Amino acid sequence: MKYTIHGFRQKILLSYGLDCIDALILRWIVDSYHMDKIKKIRIEDKDFFQIDHESLYEDLPILGTEDESAIAGRLNKFVDLGLLEKHMEQEGDKSVTYFAINKDEYQVLLPILKCKLKGDRRLRS
């Protein structure tokens, strides 16, 4: 079995009931967050972000859908699994949803790199 899918441990993805589309969306969230491509706000000492569905569809047409409820269902699954935290705010006459990455749960998805020291260089084993 391939160890990682979109940078996440496949075995852990499967144990959470996630598929390759979930992994792709998670990768997009993490990459967009670190590239400052999504709106961020600070709430109670946590960094939350708003997902711009248009940017998601533009970046990932391979998803094959622009159905916001389908993406919302996957985001809610991430919340239920503890990978994301959800916060809703009223902005004018509309409700806006923000998410934060639960770093403890997210770390579980990342590959474990075993390194050996050789001289001054680190080598992956």
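Which residue takes a positive phi in the hairpin of β3 and β4? In this predicted model, that residue is E44, with a phi near 45°. I shall return to the hairpin after an overview of the chain.

The protein chain contains five helices and eight strands. Read from the N terminus, the order of elements is β-β-α-α-β-β-α-α-β-β-α-β-β. The chain has 125 residues, and 31% of them count as buried. The exposed area is about 8400 Å², with carbon and sulfur atoms supplying 50% of it. As for contacts between residues at least 6 apart in sequence, 48% join residues at least 24 apart.

Let me now turn to the hairpin itself. Strand β3 covers residues 39–43 and strand β4 covers residues 46–50; the two run antiparallel and are joined by five bridges. Two residues lie between the strands. I43 has K46 in β4 as its bridge partner.

The next topic is the interior. In soluble globular proteins, nonpolar side chains tend to be buried together. Here the largest nonpolar core has 27 residues, and those with the most contacts inside it are I29, F49, L75 and F78. The elements that give two or more residues to this core are α1, α2, α3, α4 and α5. Helix α2 provides the largest share, namely eight residues. Leaving aside residues up to four places away in sequence, I29 touches I38, F49, I51, L75, F78 and L84. There is also a second, separate core of five residues, and I43, F48, V96 and A100 are among them. I43 thus appears twice in this account: as the bridge partner of K46, and as a member of the second core.

Two further positions deserve attention. L18 is placed in the loop between α1 and α2. Is L18 buried or exposed? L18 counts as buried because its relative accessibility is 5%, below the 20% cut-off. Its contacts, again without residues up to four places away in sequence, are L13, L26, K77, F78, L81 and L83. L18 and K77 are 59 residues apart in sequence, yet their C-alpha atoms are 8.9 Å apart in space.

D22 is found in helix α2, which spans residues 20–34. With a relative accessibility of 0%, D22 likewise counts as buried. Outside the residues up to four places away in sequence, D22 touches G17, R74, K77 and F78. K77 and F78 therefore recur: both are touched by L18 and by D22, under the same contact criterion of heavy atoms within 4.5 Å.

Methods. Residues numbered from 1 in each chain as written. Predicted model: local features only at pLDDT ≥ 70, side-chain atom pairs only at ≥ 80, totals over all residues. Heavy atoms only, no water. Helix = DSSP H or I, 4+ residues; strand = E, 2+ residues; numbered from the N terminus. Buried < 20%, exposed > 50% of the residue type's maximum accessible area, 1.4 Å probe, protein only. Pairing = 2+ DSSP bridges. Areas by Shrake-Rupley, 256 points an atom, 1.4 Å probe, with all protein chains shown as cover. Core = buried A, V, L, I, M, F, W, Y, C linked by side-chain atoms within 4.5 Å.
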